[in-house]
Amino acid sequence: MAATRIDWVAEHCQLLRSISAEFKDTLPFRGLTVGTGIHLEAKTVALLLTLRDGGARLVSTGNLNTTQPDALEALTAEGVTVIGGPTKDRDLHSRYLDEVIAARPDLILDNGGDLFARFLDGPYAGLRGGTEETTSGRMRLEPLRDRLKLPILVINDSPIKQFAENEHAVGQSALESYLRLTNRVTNGERVTVFGYGACGRGVAANFRGACARVTVVDINPVTRLRAHLDGFSTPPRDQAITSADVIITVTGASGVLTAGDLPLLRDGVILANAGHFPLEIEVEAIVGSPDVVGVREYADDLVTLELNDGRRIHLISRGHMFNLAGPRPMGNSIESMDLGFALQARCLEAVANGSVDSSSCVVPVPAKIDAAVANSYLDRKYPAAPKA
Ligand SMILES: NC(=O)c1ccc[n+]([C@@H]2O[C@H](COP(=O)([O-])OP(=O)(O)OC[C@H]3O[C@@H](n4cnc5c(N)ncnc54)[C@H](O)[C@@H]3O)[C@@H](O)[C@H]2O)c1
């Protein structure tokens, strides 16, 4: 039988492969249920099966609008309990998350804080703690520390995740997705990037590398200065909107681009979001604006809005994370995710075996785990010379 893309990804997740081989012996999750709420795509399949190899019973659901049917099929075939399927319906997705928590997992692997927030709505005994994957989740969980009082390690705050995934990989996959989805030129186009954190820096750098003229908007003046000194144009926000052929939001904040900005948008502008939640561009309010007189829907979730003054505005993926959207969505590079997911596997192991305690509530990955994962990646690139 022909091998699948999921097989290809598994083949190249070399860190997870070696952790999986080790976990089959050590069984760090024997007897434990791990509840997960993370994008279900080829790379997370490799992560979840690594946890399964470590003895975990998995109860998994995806994130809003990012579940890929082949990933769901592969996990189900491997005996993972997968709840729900691909959906853009927030209420339905919310019920899937509720079902994961109803299984009373001993460990949680969260992405966006959805599962830990639900745990607080109906706490139960036995939850040992877990991990949070992303910036948005950390921002949501930090104010809840006093109520959570559990070891929760934030993968996003590992320097490895910051540079390997957020900076390098998100920028590359945002550019790859823009080209794949729109088939439009980047050369000479004026691209405005909202947010100059780790992800925004990568997005800005990759579009600049593709010969776009990139402008950066960031609400933090120090970060704006950094973008300026990195050679990007950093005019005031409204000017950055008015001049843009393409606007990409990647801030982790809500309401970054609103219906109130409609008068500022150029004819033909393309709007896309790479931030975690589909709230950065207020798509519903924009589409519902009285200025919008026509909506044209194309294949691959591309939408054109026709305004009453004749301008047209194009939306990619209706404001959902566009690097996990459209035909053959591949997300971030396999190696960047292998690194981040090796951190996930090691952090969940540390929570399971009690080597981190509740004083580590919503904190970065322990430095020892970062060093071990970095070494294992580099050891593969520079294997020891055979002894003469
Ligand atoms: N698409 C992906 O594959 C992917 C991968 C990792 C993270 N993310 C998501 O990308 C988002 C950004 O992550 P990050 O690690 O770069 O975060 P970050 O905290 O490092 O940077 C966010 C930046 O946005 C700025 N900002 C906040 N509100 C703003 C606003 N209204 N206008 C302009 N700038 C604003 C902040 O000042 C900050 O500099 C998060 O939602 C994160 O979860 C996406």
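Start by selecting Val 373 in this predicted model. Apart from neighbours within four places in sequence, Val 373 is in contact with Leu 15, Ile 160, Leu 339, Ala 342, Leu 343 and Arg 346. Show the side chains of these residues and keep them on screen for the next stop.

Val 373 belongs to the largest nonpolar core, a set of 48 residues. Add Phe 29, Leu 51, Leu 75 and Leu 107 to the selection: together with Val 373, they have the most contacts inside this core. Which parts of the chain supply at least two residues each? Colour helix H1 (5-12), helix H2 (14-26), helix H3 (42-53), helix H4 (69-77), strand S4 (107-110), helix H9 (159-182), helix H14 and helix H15 (367-381) to see them. Of these, H14 gives the most, with twelve residues.

There is also a second, separate core, made of 27 residues. To find it, select Leu 175, Val 193, Ala 204 and Ile 316, which are among its members.

Now turn to charged side chains. Side chains of opposite charge can pair when their charged atoms come close. How many salt bridges does the model hold? The count comes to 20.

Select Asp 301 and Lys 88. They form a salt bridge, with the closest N and O atoms 3.1 Å apart. Asp 301 sits in the loop between strand S11 (292-297) and strand S12 (302-307), and Lys 88 in the loop between strand S3 (81-82) and helix H5 (90-102), so the pair ties together parts that are 213 residues apart in sequence. Is Asp 301 buried or exposed? Its relative accessible area is 18%, which makes Asp 301 buried because the cut-off for that class is under 20%. Lys 88, at 40%, counts as partly exposed.

Keep Asp 301 and add Arg 318. Their side chains meet in a salt bridge of 2.8 Å, N to O. Arg 318 lies in the loop between strand S13 (312-316) and helix H14 (334-352), 17 residues from Asp 301 in the loop between S11 and S12. Arg 318 is partly exposed, with a relative accessible area of 28%. Add Glu 297 as well: Lys 88, Glu 297, Asp 301 and Arg 318 are linked in a network of salt bridges.

For the last stop, select Arg 140 and Asp 114. The closest N and O atoms of this salt bridge are 2.6 Å apart. The pair links helix H7 (residues 135-141), which holds Arg 140, to helix H6 (residues 114-121), which holds Asp 114; the two residues are 26 apart in sequence. Arg 140 is partly exposed at 31% relative accessibility, while Asp 114 is buried at 10%.

Terms used
Residues numbered from 1 in each chain as written. Predicted model: local features only at pLDDT ≥ 70, side-chain atom pairs only at ≥ 80, totals over all residues. Heavy atoms only, no water. Salt bridge = Lys/Arg side-chain N within 4 Å of Asp/Glu carboxyl O. Helix = DSSP H or I, 4+ residues; strand = E, 2+ residues; numbered from the N terminus. Buried < 20%, exposed > 50% of the residue type's maximum accessible area, 1.4 Å probe, protein only. Core = buried A, V, L, I, M, F, W, Y, C linked by side-chain atoms within 4.5 Å. Contact = heavy atoms within 4.5 Å.
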